[in-house]
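Hi,

Here is the structure I promised to pass on. Have a look at it first, and then read my notes underneath.

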Amino acid sequence: MLFVGVVLCGVAVSAAFALRAFNENLLYFFSPTQVVAGEAPTERVFRLGGVVVEGSVVREPGSLTVEFLVTDYANTVPVRYTGVLPDLFREGQVAVARGRVDSSGVFTAEEVLAKHDENYRPPAVAEALEKGRAASGQ
Amino acid sequence: MIPEFGHFALILAFCLSLAQAVFPLVGAATGNRQFMALARPAAAGQFVFCAVAYAALAYAFLTDDFSVRFVALHSNSELPTFYKFAAVWGGHEGSLLFWTTVLAIWTLAVAVTGRAQPEAFSSRVIGVLGIVSAGMLAFTLLTSNPFDRLGLEMPVDGNDLNPLLQDPAMVLHPPMLYIGYVGLSVPFAFAVAALLTGRLDREMARWTRPWVLGPWIFLTLGIALGSWWAYYELGWGGWWFWDPVENASFMPWLVATALIHSLVVTEKRGLFKSWTVLLAITAFSLSFFGTFLTRSGILISVHAFASDPARGLFLLMLLALITGGALMLYAFRAKDLAGEGGFTLLSRDAFLLANNILLTIAAAFVLFGTLYPLFLDALGFREISAGPPYFNVVFLIPMLPMAVLLGIGMHAAWRKTPPDLLRRKLKWPAVFAVAAGATLPWIVFGRASVLSTIGLAIGLWVVATSLVDPIMRRLGRGATGAPITRAQWGMYVAHLGLGLFILGVTVTESYDTELDRAVRPGETWHTGGYDFEFVGLRDVQGPNYTAVEGEFEVRRGEKLVTVLRPQKRVYRVRQDPMTEAAIDAALHRDIFIALGQSLGGDAWSVRVRVKPLISFLWIGAVVIALGGLIAVTDRRHRVQPAEQAERVRVAPVPRPASRPAEGH
Amino acid sequence: MWRYAMPIVLFAVLGVFLYRGLYLNPGSLESPLVGRPAPEFSLPSLEDPLREVGSDDFAGQVALLNVWATWCVGCRQEHPYLLELARTSGIPIYGLNWKDDRAAALEWLARLGDPYVASAFDSEGDVAIDWGVYGAPETFLIGRDGTVLHKHIGPLMPEIWRRDFLPKIAKECGSLPCPLVDGEE
């Protein structure tokens with residue numbers, strides 16, 4: 001019985017730790033429309049997804065800092081990123097950025113991902129794009 | 001003609017798998033020996049036709065038969081021969097064919113070696129494997145026929161193999177994993193057969209051991225290879241991403257590891273029987289679940305094959321049939337598998353139980369994190385995912401205590417251990433681990449964190465406790481009783497590998513240096529104790545790609561350490577850019593450089609990483625697998641029952657409590 | 001004993017979630033366009049830049065609009081089936097060539113066969129945006145009154161045609177080949 005007690009305690013404690021880790025590390029996904037509407041938190045990291053607007057990628061020559069616009073066809077959010085972009089990052093294609101938004105509405109990314117698949121988009125992004133389309137009234 | 005021939009062979013294989021499923025099971029239930037006698041011929045025939053189908057598809061690839069849809073989508077006339085062969089398993093349909101062929105090979109191996117077992121038992125094992133075969137062959141034939149033709153509109157050339165997969169490690173990674181995944185069907189079949197028979201004796205546990213160790217070795221190597229591949233091919237220097245599909249391969253590994261340990265208890269002590277059966281069912285179910293995850297498109301991941309819900313539904317039904325059926329049987333029959341005695345808290349039995357619980361908890365946490373987005377989505381909440389930090393924290397919670405307990409458990413005896421014995425053996429390893437863990441980081445790196453100290457101490461503890469027995473024996477001290485058996489050597493080696501792995505993870509994660517930088521030719525900089533110089537760029541022509549190649553000289557002081565040449569490739573057919581990192585690997589550190597993109601003019605972004613001790617990750621994994629291999633070769637797993645009985649009579653086994661534990 | 005039944009219960013719960021999850025795919029996402037009038041457009045034809053192809057071309061008919069491109073693997077995959085549909089279904093298929101290279105697209109049609117009554121050339125992707133296209137291939141089913149009856153994302157395959165398209169076509173037309181609204185059979 002003592003043994004079972006010890007095991008149960010261990011399981012309970014580790015489950016509590018796990019839940020805490022879980023809550024702290026959840027990544028929410030927001031679309032540009034939600035960010036523009038102020039629904040996204042300013043104090044925590046989240047993921048922003050959408051299409052990189054054609055012609056919007058601007059880089060200071062010779063610098064690692066790059067800026068571009070991400071859209072869901074209804075609204076657009078400027079993104080700033082310092083670092084190496086993934087191979088499949090392209091204008092007109094879907095990108096997902098992880099980072100924070102500041103009070104001026106600029107999203108500073110810690111990481112930028114592009115999808116490997118050329119046919120399909122991540123469901124979260126796809127849904128956001130659909131909603132963006134619907135919201136902009138065709 | 002050849003593809004139609006292959007298709008036909010696959011249909012025949014399916015028919016034989018049905019026979020292999022039905023006759024032996026019915027025969028065993030009704031005691032019909034003629035029916036049971038069909039098990040082996042059906043399994044052999046099924047293997048032959050699977051192999052023929054596989055050869056036919058390989059032939060279509062090697063001869064560039066682009067009238068076959070699967071070949072057109074995954075190969076190209078320019079593709080090097082080596083990769084044409086690998087492309088057979090580079091896509092959904094072909095990898096399924098590979099899956100079923102591997103299952104046929106495992107089945108054949110079980111059929112050939114199982115003659116010493118009671119006929120009804122081995123018939124049931126083969127019959128259960130036949131059900132799995134029939135399900136997967138039906139899935140292949142009905143939803144994913146690799147021999148489909150494109151009809152009249154045959155393309156001039158193929159679409160090419162995904163460039164990510166054009167890599168020597170990638171040629172080996174999926175087959176290793178599949179062999180491991182599929183091999184877990186054998187212990188699954190043993191478990192179901194035990195439930196059908198209504199008993200699980202020690203002998204059955206002993207037969208099962210090598211059939212868990214074998215797939216587990218392949219799984220270990222396959223996962224390590226995949227991690228290594230991700231490390232140098234995906235281009236960004238990470239080695240584990242907690243990607244859903246990585247998790248899908250890792251969960252069966254965790255459960256299979258637990259199973260190996262609980263089987264020992266069942267074999268030596270006749271305990272944990274129903275638990276062992278449950279683990280065997282879970283291990284295979286999780287590997288089947290991995291197949292479902294990758295092919296149903298239910299979770300989006302870099303590994304996912306083109307998906308469609310119809311396929312997912314079929315696989316889900318198959319999973320429900322196989323796992324659901326086995327668990328249903330478990331619900332009704334498990335109570336027949338009662339244990340044969342008790343044990344105390346300070347015994348090897350108890351430590352192995354703790355190991356099992358902790359490994360299962362770890363697997364459950366990983367499963368939860370992987371499926372969490374799905375749970376929320378299904379309940380209509382917003383899109384959320386659990387990031388790698390979740391997994392890192394959650395995984396450490398059960399694993400740290402497990403590593404500590406493992407060092408003690410290795411030296412505990414069955415049923416009851418005199419505390420004195422443990423104290424004598426473990427005093428010095430404990431002192432060494434704590435002292436070295438606390439001081440080494442300061443001496444080598446000049447800084448330490450709580451986590452790096454704990455990690456180092458635990459890694460050293462596992463290494464030291466794995467070595468203490470062989471060393472003491474060598475020194476002629478504390479050499480009590482029997483010599484170390486093969487199985488015991490296997491245990492020490494595998495645990496040593498785990499210790500090395502823990503050291504590798506701790507050091508590389510705590511002390512790596514990462515730098516993203518914009519550089520121009522001629523520029524020099526200093527990172528992680530090395531001086532780098534960007535010499536210049538040139539264009540390179542590969543067999544089916546063109547590339548820009550950078551040249552970097554790495555110096556330490558005045559001495560030239562290495563010249564690294566990372567590439568940015570563009571494959572001609574698919575036109576996707578690919579980062580080909582350059583790595584100078586050494587035992588004590590890797591230097592890693594990857595080209596990012598052109599920043600205009602002659603400036604480029606580069607990522608530089610110096611990763612100390614990362615080689616220990618792969619070395620550790622290989623040593624773990626080696627331990628498994630040593631354990632498999634233990635003669636006791638192979639001797640026939642009669643011979644075994646004789647050996648026992650000649651050399652009676654001493655009472656467990658009076659001698660140190662026998663290995664597993 | 002109940003504790004031996006725990007695993008099967010847990011597995012059943014998991015199974016229900018997995019089953020639900022299967023149908024939450026991007027492929028089954030309902031387009032907001034379905035049930036609404038199809039957006040009007042007029043674009044240069046792929047074959048002849050001087051000729052216009054647009055929604056007027058299929059006004060009053062039941063038609064398919066297939067979004068495709070030469071860079072898209074799924075399009076390659078569905079192409080043989082589109083050819084078959086063009087031969088056998090009696091429903092006109094219009095192509096929307098999306099963000100593609102004109103020469104490559106013409107070469108593709110010459111090489112693989114042309115299932116389309118006509119293809120519109122949408123090099124900038126403007127029309128695709130109006131239609132809510134978020135990947136290729138996609139196929140829209142348009143009714144006689146110009147409403148979007150169905151949208152399929154991903155390669156069009158026989159089982160999908162039978163499952164999703166045929167019932168809607170049958171409802172709209174009553175029979176195949178689909179009679180035109182003006183009764184000119």
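Below are some notes on chain A, followed by a sheet in chain B.

This is a predicted model, in which local features need pLDDT of at least 70 and side-chain atom pairs count only at pLDDT 80 or more, while totals for chains, interfaces and linings use all residues. Residues are numbered from 1 along each chain as its sequence is written, with chains lettered from A and ligands numbered from 1 in the order in which they are written.

Chain A has 3 helices and 7 strands (DSSP runs numbered from the N terminus: H or I of at least four residues for helices, E of at least two for strands). Along the sequence they follow the pattern α-β-α-β-β-β-β-β-β-α. Of its 138 residues, 40% are buried, meaning that 20 or more other C-beta atoms, placed from the backbone, lie within 10 Å of the residue's own (12 or fewer is exposed, in between partly exposed).

A good place to start is β4(A), residues 65–71. Strands count as paired if DSSP finds at least two bridges between them. β4(A) runs antiparallel to β5(A), residues 76–82, over 7 bridges, and A:Phe68 stands opposite A:Val79 there. The two form a hairpin with 4 residues between them, where A:Tyr73 in the turn has a positive phi of about 75°. β3(A) also joins β4(A), by 2 bridges, with A:Val58 opposite A:Glu67.

In chain B, 4 strands form an open antiparallel sheet in the order β2-β11-β10-β9. Its edge strands are β2 (513–519) and β9 (582–585), each pairing on one side only.

Enjoy exploring!
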